[in-house]
Amino acid sequence: MTATATAPAQIAARVVDAVKVYGTGDTAVRALDGVSVVFPAGRFTAIMGPSGSGKSTLMHCAAGLDTLTSGTAHIGGTALGALDDRRLTLLRRDRVGFVFQAFNLVPTLTVAENIRLPLDLAGRGGDTEWIDGLTDVVGLRDRLHHRPAELSGGQQQRVAVARAFAGRPDVVFADEPTGNLDSRSGEEVLGLLGRAVRRTARTVVMVTHDPVAAAHADEVVFLADGRLVDRMAAPTADKVLDRMKAFDVREARS
Ligand SMILES: Nc1ncnc2c1ncn2[C@@H]1O[C@H](COP(=O)(O)OP(=O)(O)OP(=O)(O)O)[C@@H](O)[C@H]1O
Ligand SMILES: [Mg+2]
């Protein structure tokens with residue numbers, strides 16, 4: 001990406017004392033049980049933990065897709081709890097990017113139209129240079145006029161990554177972005193996310209089950225039973241795998 005990055009704030013997103021309870025009474029599930037975590041700007045953070053540990057819940061609440069039962073969530077300096085629905089929708093549109101396991105492209109739009117969608121929805125023209133750079137980074141210049149059904153899964157996810165960064169969001173949240181991809185396409189998508197962070201100072205928060213994927217991040221935070229239990233800087237796949245095995249041992253004992 002050749003476009004100049006905007007100067008990042010120090011903290012792209014954070015939650016403090018985050019509690020999320022689904023349901024009430026006997027069936028209530030405490031999906032987040034007092035999580036405080038900072039996602040620094042210009043960094044690539046991975047969230048890991050056993051299934052059901054609250055990873056997606058944390059991501060959804062941090063991104064303003066869901067609301068906390070108690071505690072606070074901020075994107076940059078903005079407290080999400082203070083926003084009404086309309087402002088929250090605008091914040092998600094203008095300041096947050098998303099990449100999901102299912103690529104979620106609009107089937108009737110071309111690659112180029114899908115990438116530009118967040119800008120078009122916001123009525124923001126221009127930024128041609130940035131979008132051009134993104135198109136080259138994701139390697140889809142020769143597919144710009146194709147529709148998603150004419151692309152492989154890996155190519156579709158690369159479009160989704162470009163779309164997520166199109167509006168120069170404060171932070172891009174990705175939930176299992178490589179979950180539906182073979183390892184080679186997965187590596188490509190992870191490489192893109194890493195380059196977006198390192199070359200253009202964007203911020204990425206990624207939920208993953210895969211130690212190899214997590215090793216692309218600058219730091220890994222580990223959740224268990226709705227709590228933040230560990231953090232690891234400069235992760236490698238082996239170190240992450242060892243840490244995840246410790247969860248299995250503990251679970252087998254309990
Ligand atoms: N909408 C919901 N209603 C009720 N319970 C929910 C809801 N969403 C999640 N949960 C529960 O909250 C807990 C945390 O779920 P979450 O989806 O955040 O886990 P996860 O770490 O993302 O798991 P996975 O790795 O399987 O995706 C789980 O016990 C789950 O069953
Ligand atoms: Mg999940």
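**View 1. Strand 3 and strand 9 side by side.** Strand 3 (residues 44–48) and strand 9 (residues 219–224) run parallel and are joined by four bridges. Strands here are DSSP runs of E with at least two residues, helices are runs of H or I with at least four, and both are numbered from the N terminus. Look for Thr45: its bridge partner in strand 9 is Glu219. This is a predicted model, in which local features need pLDDT of at least 70 and side-chain atom pairs count only at pLDDT 80 or more, while totals for chains, interfaces and linings use all residues. Residues are numbered from 1 along each chain as its sequence is written, and chains are lettered from A and ligands numbered from 1 in the order in which they are written.

**View 2. The open sheet of six strands.** The strand order is 6-7-8-3-9-10, with mixed pairing; two strands pair if DSSP finds at least two bridges between them. Strand 6 (96–99) and strand 10 (227–233) each have a single partner strand, so one side of each is left without a neighbour in the sheet.

**View 3. Helix 6 on the sheet.** Helix 6 (residues 183–200) touches strand 3, strand 7 and strand 8. Contact means C-beta atoms, placed from the backbone, within 7 Å. The direction of helix 6 makes about 155° with that of strand 8; axes are lines fitted to C-alpha atoms, for helices over the stretch in contact, and angles run from 0 to 180 degrees between N-to-C directions.

**View 4. Helix 1 beside ligand 1.** Helix 1 gives three residues, the largest share, to the shell around ligand 1. A residue belongs here if its C-beta atom, placed from the backbone, lies within 6 Å.

Methods:
Two residues are in contact if their C-beta atoms, placed from the backbone, lie within 7 Å.
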